[in-house]
Amino acid sequence: MRIPAIRGVIDRRILVNYRVTPDVLASRLPAPFRPKLHRGYGMAGICLIRLCSVRPRFLPRWLGVRSENAAHRAAVEWDESGQVREGVYVRRRDTSSRLNAFAGGRLFPGIHSHAAFTVRETETHFEAMLWSDDGVT
């Protein structure tokens, strides 16, 4: 099945990073990943993204959908072909869109869990809360 080209707007992207004790982070990573360390700590974070006007390329913008999304990430490294590689492991994705939750892992890569988001923002303040349907986040 061929997936149509998708258009949309990244209306907001906030990346919140925090340091994590290496053994705690390592316990959350699947093989072959291990925490990439910076000054003795692992780095994890959450990427909060609001997408707007998301639709197949051939549809007008006003028919697009909007969603709040969160990707829970960690900086990792692993061995491959005798070299140390580094990247980001996304442990979980949450979305307010039931379509994204259904299509993730089927029509596009990455399983998305459905969640309810409450977002309040002004020019000087940002607050986001989310509750996943499965109770994990």
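**Figure 1. Order of the elements in the protein chain.** From the N terminus on, the elements of the protein chain run β-α-β-β-β-β-β-α-β-β. In total there are two helices and eight strands. The model shown is predicted. Along its principal axes, the C-alpha trace spans about 50 × 45 × 25 Å. Of the contacts in the protein chain with a separation of 6 or more, 51% are between residues 24 or more positions apart.

**Figure 2. Surface and charge of the protein chain.** The protein chain has 137 residues, and buried residues make up 30% of them. Its accessible surface comes to about 9400 Å², and carbon and sulfur atoms hold 54% of that area. The side chains include 22 positive and 13 negative ones. The centres of these two sets lie 6 Å apart. Side chains of opposite charge can pair when their charged atoms come close. A search of the whole structure finds 13 salt bridges, and the next views show some of them, including the pair Glu-68 and Arg-12.

**Figure 3. The salt bridge between Glu-68 and Arg-12.** The two side chains meet at 2.7 Å, N to O. Glu-68 belongs to strand 5 (residues 65–80) and Arg-12 to strand 1 (residues 6–20), so the pair ties together parts that are 56 residues apart in sequence. Both Glu-68 and Arg-12 are buried.

**Figure 4. The salt bridge between Glu-86 and Lys-36.** In this view the side chains of Glu-86 and Lys-36 meet at 3.2 Å, N to O. Glu-86 lies in strand 6 (residues 83–95), while Lys-36 sits in the loop between strand 2 (34–35) and strand 3 (37–38), so this salt bridge links parts that are 50 residues apart in sequence. Are the two partners buried or exposed? Glu-86 is exposed, because its relative accessible area of 54% is over 50%. Lys-36 is partly exposed, with a relative accessible area of 28%.

**Figure 5. The salt bridge between Asp-94 and Arg-92, and a network of salt bridges.** The side chains of Asp-94 and Arg-92 meet at 3.1 Å, N to O. Asp-94 has a relative accessible area of 0% and is buried. Arg-92 has a relative accessible area of 14%, and because buried means under 20%, Arg-92 is also buried. Which residues are joined into one network by salt bridges that share partners? They are Asp-11, Arg-12, Arg-50, Glu-68 and Glu-121. The pair of Figure 3, Glu-68 and Arg-12, is part of this network.

**Figure 6. The surroundings of Asn-69 in strand 5.** Asn-69 lies in strand 5. At 10% relative accessibility, Asn-69 counts as buried, because the limit for buried is under 20%. Which side chains form polar contacts with the side chain of Asn-69? One is Ser-67, at 2.9 Å, and another is Thr-95, at 2.7 Å. Not counting residues up to four places away in sequence, Asn-69 touches Cys-47, Leu-48, Ile-49, Leu-51, Asp-94, Thr-95, Asn-100 and Phe-117. Thr-95 therefore appears both in a polar contact with Asn-69 and among the residues that Asn-69 touches, given that contact means heavy atoms within 4.5 Å. Asp-94, a salt-bridge partner of Arg-92 in Figure 5, is also among the residues that Asn-69 touches.

Technical notes:
Residues are numbered from 1 along each chain as its sequence is written. This is a predicted model: local features need pLDDT of at least 70, side-chain atom pairs count only at pLDDT 80 or more; totals for chains, interfaces and linings use all residues. Side-chain values use heavy atoms; hydrogens and water are left out. Helices (H or I, at least four residues) and strands (E, at least two) are DSSP runs, numbered from the N terminus. Buried means under 20% relative accessible area, exposed over 50%, partly exposed in between (1.4 Å probe, protein chains only). Accessible areas come from the Shrake-Rupley method with a 1.4 Å probe; for residues, only the protein chains shown count as cover. Lys and Arg count as positive and Asp and Glu as negative; His and the chain ends are not counted. The place of a charge is taken as NZ of Lys, CZ of Arg, CG of Asp or CD of Glu. A salt bridge is a side-chain nitrogen of Lys or Arg within 4 Å of a carboxyl oxygen of Asp or Glu. A polar contact is a pair of N or O atoms within 3.5 Å; within protein, one must be able to donate a hydrogen and the other to accept it, and residues adjacent in sequence count only if both atoms are side-chain atoms.
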